[in-house]
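Me: I'm new to this structure and would like a close look at a single part: the nonpolar core, along with what sits around it. Could you walk me through that?

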Amino acid sequence: IREQIRLELLKWKRRRDSKKGFRKILSKILRLIKLCLWFIFGTARALAYQSYLQLTTRVNPFDAVKFDAETKGLAASGRSLSWCDAAPLDEAKTICKVLSKAKGSTITINDLFVSCITAAVTRQLVEHEEFMAPVGAHKTKCVGKHMNVVVPVHMRGGVVLPGESVGNNIGAFVCRCPAEMKHDAKGGSCSVERLEKVHESLLYMKKSPAPIVSHALAKFCSNFLPSCVTKSIFESANANASVVITNTRGRESKIHINGMPVESVAGFIPLPPGVPVGVVVQSYAGSMSLSLTAERYAIPDPDKFLQWVVEEYQALRHAAANLQ
């Protein structure tokens, strides 16, 4: 009897293990199907959105500025550079947490600073309008209701394994962010409203496989197409974006070189073809910093531009303090 019971228990255990194995296999197959569907439909949606941005943004807002500078004989070449510390990292995280709770969303530090930078780009374009048409401000229209923004994405989330080179594992996506808003012309504040719209736009693209597709296409073009053709494709793919913004996470504590602490770090982004402004948002040793690379005709005063970014950040900080 004991032997029969043992055999029955052994059979039951085998059947249970067999069912578990079948469930695991089925679960893996379903995950694979889900991933394939996400990639196929997500790629189609991302390409459709990219085409929409290209068709609805026929010119770059800074093209009129460049033409005006060339017409007046001003310096239309060269680069503007600047960098500054923007805010403590913990403070920026607190602002995101407070505004996320108030708006029922998940606002990130990337959303926060993309919003601040687009506000500064808008102010720069408005200043160009006033410079080009001093008699009737806004007669020469550069800034519209929206602007396109290029956001690079590291394919491994910025993680580089030991013994591995950084490589060119960078994808990107283009998203549409608000430019001049209805309160801007009246001198009112619309910082939180702008941040909400930026968050929605970035979230829409983050959920798509656009960075993966762009990385694959860029690799193919670089390896198999002539450089002139590749440059033209890249410029078209940027959809006349006004600015490229990248967010880099640095070390939480200071590093040392020959026993000397490195107090701050500033990284500068190479401007993609056709994009006149590039900003790096970087964290290092508990501090957020900004680095600007731009065409001189687009940003004639880089220090003022970064000051505008910081002012927009302070407006959001004030809004979060009021909510608390």
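**The core and its surroundings**

Reply: Let's begin with the residues that touch the most other members of the largest nonpolar core: out of its 70 residues, these are Leu112, Phe113, Ile117, Val277 and Phe305. Helix H4, residues 109-132, supplies the largest share of this core, with eleven residues. Keep in mind that this is a predicted model. As a general backdrop, nonpolar side chains in soluble globular proteins tend to be buried together.

Now zoom in on Phe305. Setting aside neighbours within four places in sequence, Phe305 is in contact with Ile117 and Val277, two residues that also appear in that list of core members touching the most others. The other contacts of Phe305 are Ala120, Val121, Gln124, Val279, Leu292 and Ile299.

Val277 leads us on to Thr293, since the two touch. Thr293 lies in strand S8, which covers residues 287-295. Its relative accessibility is 6%, so Thr293 counts as buried. Not counting residues up to four places away in sequence, Thr293 also touches Arg79, Ser80, Leu81, Phe268, Ile269, Leu271, Pro276 and Gly278.

Next, a pair of helices. Helix H3 (residues 89-103) packs against helix H8 (residues 302-323) at an angle of about 55°, and their axes are 9 Å apart. Because of that angle, H3 counts as oblique to H8. The crossing of H3 past H8 is left-handed. On the H3 side, the residues that meet H8 are Glu91, Ala92, Ile95, Val98, Leu99 and Ala102. Their partners in H8 are Tyr313, Leu316, Arg317, Ala320 and Leu323.

Asp90 is found in H3 as well. With 58% relative accessibility, Asp90 counts as exposed, because the cut-off for that is over 50%. Asp90 and Met288 are 198 residues apart in sequence, yet their C-alpha atoms are 9.3 Å apart in space.

And the cysteines? The model has zero disulfides. Cys96 has 4% relative accessibility and so counts as buried. The closest cysteine sulfur to that of Cys96 belongs to Cys116 and is 9.3 Å away, which is too far for a bond. Cys175 is in no disulfide either, and the nearest cysteine sulfur, in Cys177, is 3.8 Å away. At 0% relative accessibility, Cys175 counts as buried too.

Technical notes. Residues numbered from 1 in each chain as written. Predicted model: local features only at pLDDT ≥ 70, side-chain atom pairs only at ≥ 80, totals over all residues. Heavy atoms only, no water. Core = buried A, V, L, I, M, F, W, Y, C linked by side-chain atoms within 4.5 Å. Buried < 20%, exposed > 50% of the residue type's maximum accessible area, 1.4 Å probe, protein only. Helix = DSSP H or I, 4+ residues; strand = E, 2+ residues; numbered from the N terminus. Contact = heavy atoms within 4.5 Å. Disulfide = S-S within 2.5 Å. Axes fitted to C-alpha atoms, helices over the stretch in contact; angles between N-to-C directions. Parallel < 35°, antiparallel > 145°, perpendicular 65-115°, else oblique. Left-handed = near helix turned anticlockwise from the far one by under 90°.
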